[in-house]
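Work through the exercises below with the sequence and the model side by side, and try each task before reading its solution.

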Amino acid sequence: MASLTSATRLRGRTRAARPAARAGATGGTVRPQRRAGVLLLLGPFFVLFALTYLAPMAYALWLSFFREKFEGVGWEGPQRVFAGFHNYTRALTDTDFLQGTGRVLLYGLVYVPVLIALAATFALLLDSALTAARRFFQTVLFLPHIVPGLIAAIVWVYLYTPGLSPVIDALDSAGVHVDFLNGGGVLFSLVNIAVWQALGFNMVLIYVALQAIPRNTVEAARIDGAGEIRTAFSVKLPQVFPAVMVATLFTIIGSLQLFTEPQIVQSSGNSSVTGSWTPNMLAYSAAFESNDYHYAATISVLIALLAGVLSFVVTTLANRRNAR
Amino acid sequence: MSAAAPATDATPRATQGTAWWLRRSTGTALCAIAALYTLAPLIWLLFGVTKTLPELYSSNGFSPSAGFHVFGNIADLFRQDDGVFARWILNTAVYAVGGAAVATLLSVAAGYAFDKFDFKGREKWYAVVIAGVLVPHTAIVVPLYLMAAQVRMTDTLWSVLIPVMVNPFGVYLARAYSSGAVPGELLEAARIDGAGELRTFFTVGLRLMGPGALTIFLFQFIAIWNNFFLPLVMLTDNDLFTIGQGLFTWNSAVGQNPDYTRLVVVGSAVATIPLILLFIPLQRRWRAGLAEGGIR
């Protein structure tokens, strides 16, 4: 349960970073009325949580150990038989799955650092005295968060499409020919869509944390003669480290689920992106084009497992850094 | 936290005047570039609404149409396929408002219970909820579909509504709001007055957690409005589609009818611009709620 341990740590850290005094539970013996209160308040949430989180994961895990098999000539329809690790060995030797996972990891390797660095940079700029019209910029940069991801993807794909795109027209007339939808460039086109969408949200996440820094620490640095940039790196950033980590963790988990943008790119019809370009797209096409639910469930389990492992690694590294 | 950075490379105060202005204009220029990058696709979309189909291809994307086709375009949008677009807007609104309202109430109740009650295994239960935050949402959608298919619930409003009524991250925020905004003594007073636990929650807890609840609501509302994968998997009935799913269907049918390009552009603008206008005034409150939630 890697994801669980890391989750507890995530909580422990963010809580510890928050100095607010916890009024806390009132303690003492639990009276029957209280117990009923807890049940009534927590019950509805946990019923739905079990139904929409725990049950699907358990069901996917169960399905992943079975497969459908046709007996004889197959007139009786498929039989569900125990398959052991068959689906897993199949996934781990499936070039579609391996290449998709590779693409998503490569995508994350480009996307996560670029996004977090940009978000932190602009949060710091807006927190410093170095920028005019700060409220205006905050609002503008936040706007894409409100634009549905699908619409963002559609608009960007238009901007990537020769003929429709003023960007390509402009580049063409300057003698530069780029293909945003084919070859190695696709990855960066997708990263661009994601950065456009997520920059403002993550910036606000970090900015809010920056605003909560005790101002006297910043003043002290200034009195010691540190400039804005120096202050940003040695005083401000270390204090908002937990917020940066939360943003990083959410971004990593988000990038593993890559689906909408490549799906739109693929359906545009003039791209090299295929229907199994990411693991999530592969799970979707396994379930709804091949009706291979067992394999789709297996891929879902593997995506969740990968998310758990990565969350664990990131939080462990973060904790180690914090302990130093 | 020792803040003392060595002062060796510090700018002498005397020269700070010009240097400071230079850095300030650099900072502002960087933000202006980012703002331009952010706005460009939205401006393209806005100008797209004014154009005919040939103009979308032939004219400069960052200038408006020579004519003015906004009203004609919007009328065509709502007329296409027997006015199904209005239906999609309604579906998305029901789905986002209903889902976010229930998710907010459940999260606030759960966060409050985790904060204010001491019960056996509390932190273990809480850890399970927080682990839910880290589960990739799309990884549970396919199994959810298979479960819904078992009970013949796919292609219903409930199949997309029930899963978005749960938001573990909302519980995390709500617990923080509860500990910050609801004093334990006030609850004791209500109890001494003889109010039951549920009544105390609704009259004291929920009221004090109002601003935090708004943040959770906005969070979930945007998440549902943005959700594409869940409806795509669950729904095949055109009349139940969300805006995103509907536009996706049109967008994929451009091969058969090139005019869908124009309708998708106009539909995207119609789905986006009112939402942006609605959210600009709410945005600051949302940010304040985030600060209170203790993500720092």
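The exercises that follow treat confidence, the contact between the chains, the annotated segments, the core and a few single residues.

**Conventions**

This is a predicted model, in which local features need pLDDT of at least 70 and side-chain atom pairs count only at pLDDT 80 or more, while totals for chains, interfaces and linings use all residues. Residues are numbered from 1 along each chain as its sequence is written, and chains are lettered from A and ligands numbered from 1 in the order in which they are written.

**Exercise 1. Determine how confident the predictor is in each chain and in the complex.**

Begin with pLDDT, the predictor's confidence in each residue on a scale from 0 to 100. Chain A has a mean pLDDT of 83, with 88% of its residues at 70 or more, and chain B averages 85, with 93% of the residues scoring at least 70. Next, locate the weak stretch of chain B: over residues 1-15 of chain B the pLDDT is below 50, and the model gives this stretch 23 contacts beyond near neighbours in sequence. Here two residues are in contact if their C-beta atoms, placed from the backbone, lie within 7 Å. In chain A, pLDDT stays under 50 over residues 1-29, a stretch with 48 contacts beyond four places in sequence.

Then go through the elements, where helices (H or I, at least four residues) and strands (E, at least two) are DSSP runs numbered from the N terminus. Among the elements of chain A, the lowest mean pLDDT, 39, belongs to helix α1 (residues 2-16) and the highest, 94, to helix α4 (residues 95-127). Finally, for the complex the predictor gives an ipTM of 0.85 and a pTM of 0.85.

**Exercise 2. Describe the contact between the two chains, and the composition of one side.**

Count the participants: 104 residues come from chain A and 92 residues from chain B. On the side of chain A that touches chain B, helix α2 (residues 32-63) of chain A gives the most, with 19 residues. Sorting that side of chain A by class yields 69 nonpolar, 28 polar and seven charged residues. In this scheme Ala, Val, Leu, Ile, Met, Phe, Trp, Tyr, Cys and Pro count as nonpolar, Asp, Glu, Lys and Arg as charged, and the others, Gly among them, as polar.

**Exercise 3. Compare the annotated segments with the modelled secondary structure.**

Take the record as the starting point, bearing in mind that UniProt positions are given in the numbering used here, that feature names are shortened, and that annotations may be inferred rather than shown by experiment. For chain A, the unreviewed UniProt entry places "transmembrane region" at several spans, including residues 104-127 and 293-318. In the model, residues 104-127 of chain A are 100% helix and 0% strand, with end C-alpha atoms 33 Å apart, and residues 293-318 of chain A are likewise 100% helix and 0% strand, with ends 37 Å apart.

For chain B, the spans that UniProt (unreviewed entry) lists under this feature name include residues 29-47 and 88-113. Residues 29-47 of chain B are 100% helix and 0% strand, and their end C-alpha atoms lie 25 Å apart. UniProt (unreviewed entry) also annotates residues 89-281 of chain B as "domain: ABC transmembrane type-1", a span that is 77% helix and 0% strand in the model.

**Exercise 4. Which residues of the largest nonpolar core touch the most other members?**

Such a core is a set of buried Ala, Val, Leu, Ile, Met, Phe, Trp, Tyr and Cys residues joined through C-beta atoms within 7 Å. Of its 172 residues, A:A123, A:I154, A:I206, A:I299 and B:A110 touch the most other members. The largest share of this core, 15 residues, comes from helix α8 (residues 185-211) of chain A. Not counting residues up to four places away in sequence, B:A110 touches A:L41, A:L42, A:F45, B:V171 and B:A174.

**Exercise 5. Is B:D82 buried or exposed?**

Apply the cut-offs: a residue is buried if 20 or more other C-beta atoms, placed from the backbone, lie within 10 Å of its own, exposed if 12 or fewer, and partly exposed in between. B:D82, in helix α3 (residues 70-116) of chain B, counts as exposed because it has 9 C-beta neighbours inside 10 Å. B:D82 also has a positive phi of about 55 degrees although it is not a glycine.
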